[in-house]
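Here are my notes on this one, set out as numbered points. Have the coordinates open while you read.

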Amino acid sequence: MAFYMFSLHIPLSFGGLSVVAHVLHEPILDPQIEAISLLGAQILELIAALVLLQSTAKPQYKFVDFFKANEVSKERSWLLASAVGFGFLFMLVFLTSFLADSVVGPKAINNPVLKEILVSSNISKAACVLVYCIVTPVLEETVYRGFLLASILSTMKWQSAVLISSAIFSAAHLSGENSLQLFIIGCVLGCSYCWTGNLRSPILIHSLYNAMTLMITFLS
């Protein structure tokens, strides 16, 4: 996990755009180039993470089992769990945002950088949708739920495992102001995975939540 964080996640997710800007000799990237670069960096991180998991897995663990449903999921609908989880997540995020605004003060709804990318062109808009609704959910759920949470579950109760994996998930985003919301998101996704035993459920919830965030940013 540490190797992934320091060799893949931080360099690509937080330093990838800086490298592109340096190569192109541009102090500020064009929104379309920024969106395409972000997509490329996320795809590269996803592929590298999958290769890392495949190459470091112990012989008794098959990499394809990450995406297979276990015995529990045969008795429980992952689609129903996804719908309930998304509704619950939306309610919790709305409630915590309302409380934070009441205590700390209101903050801007949209991310100005993301807003600029979304409205710049259809290409940048499509790149954002691919990144936030497909590549990132698959990447993060594979790493933080499929690997991290599943590993911790073998040593402790599921409630504690969800809390620990959610804290790491939140910290990995290096976003202090959004840490509480990210922790809540991690908890909901972790509970969904534990209840269904199916990685497809947290991936779908994650994708729907990111799609909702993009829509709000675009329309606000």
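Which backbone oxygen does the side chain of Ser37 reach? The answer is in point 2, after a quick look at the whole chain.

1. First, the overall picture. This is a predicted model, so please read everything below in that light. The chain has eight helices and zero strands, and from the N terminus on the elements simply run α-α-α-α-α-α-α-α. Of its 220 residues, 40% count as buried. The chain exposes about 12400 Å², and carbon and sulfur atoms supply 71% of that area. Among contacts with a separation of 6 or more, 77% come from residues 24 or more positions apart.

2. Back to the opening question. The side chain of Ser37 reaches the backbone oxygen of Ile33, at 2.7 Å. Ser37 is found in helix 2, which covers residues 31-56. With a relative accessibility of 16%, Ser37 counts as buried, since the cut-off is under 20%. Leaving out residues up to four places away in sequence, Ser37 touches Leu17 and Val20.

3. Staying in helix 2, have a look at Ala35. Ala35 counts as buried at 1% relative accessibility. Not counting residues up to four places away in sequence, Ala35 touches Ile117, Ser124 and Ala127. The C-alpha atoms of Ala35 and Ala126 are separated by 8.8 Å, with their positions 91 residues apart along the chain.

4. Now the salt bridge. A search of the whole structure finds one, and it joins the side chains of Arg145 and Glu141, at 2.8 Å from N to O. Why might these two be so placed along the chain? They are four residues apart in helix 5 (residues 122-153), so about one helical turn separates them. Arg145 is buried, with a relative accessible area of 0%, and Glu141 is buried with a relative accessible area of 0% as well.

5. Glu141 deserves a point to itself. Besides the salt bridge with Arg145, the side chain of Glu141 makes a polar contact with the side chain of His206, at 2.6 Å. Not counting residues up to four places away in sequence, Glu141 touches Gly146, Leu189, Leu199, Pro202, Ile203 and His206. If you centre your view on Glu141, look for it in helix 5.

6. Arg145 has another partner too. The charged end of Arg145 sits over the ring of Phe169, 4.5 Å from the ring centre. There is also a charge over a ring at Phe218, where the charged end of Lys115 sits 5.9 Å from the centre.

7. Next, the aromatic rings. How many aromatic pairs does a search of the whole structure find? The search finds one. Tyr144 and Phe169 form that pair, and it is edge-to-face, with 5.3 Å centre to centre and 75° between the planes. The pair links distant parts of the chain, with Tyr144 in helix 5 and Phe169 in helix 6 (residues 158-171), 25 residues apart. Tyr144 is buried, with a relative accessible area of 1%, and Phe169 counts as buried at 1% relative accessibility. Phe169 is thus worth viewing with both partners shown: Tyr144 in the ring pair and Arg145, whose charged end sits over the Phe169 ring.

8. Last stop, Ser201. This residue lies in helix 8, residues 200-219, and counts as buried at 0% relative accessibility. A polar contact of 2.5 Å joins the side chains of Ser201 and Ser192. Leaving aside neighbours within four places in sequence, Ser201 is in contact with Trp78, Ala81, Ser82, Ser192 and Thr196. Ser201 and Gly190 are 11 residues apart along the chain, and their C-alpha atoms are separated by 9.8 Å.

Key
Residues are numbered from 1 along each chain as its sequence is written. This is a predicted model: local features need pLDDT of at least 70, side-chain atom pairs count only at pLDDT 80 or more; totals for chains, interfaces and linings use all residues. Side-chain values use heavy atoms; hydrogens and water are left out. Helices (H or I, at least four residues) and strands (E, at least two) are DSSP runs, numbered from the N terminus. Buried means under 20% relative accessible area, exposed over 50%, partly exposed in between (1.4 Å probe, protein chains only). Contact means heavy atoms within 4.5 Å. Accessible areas come from the Shrake-Rupley method with a 1.4 Å probe; for residues, only the protein chains shown count as cover. A salt bridge is a side-chain nitrogen of Lys or Arg within 4 Å of a carboxyl oxygen of Asp or Glu. A polar contact is a pair of N or O atoms within 3.5 Å; within protein, one must be able to donate a hydrogen and the other to accept it, and residues adjacent in sequence count only if both atoms are side-chain atoms. Rings of Phe, Tyr and Trp (its six-membered ring) pair if their centres lie within 6.5 Å; planes under 30 degrees apart count as stacked, over 60 as edge-to-face and the rest as tilted. A charge sits over a ring if NZ of Lys or CZ of Arg is within 6 Å of the ring centre and within 35 degrees of the ring normal.
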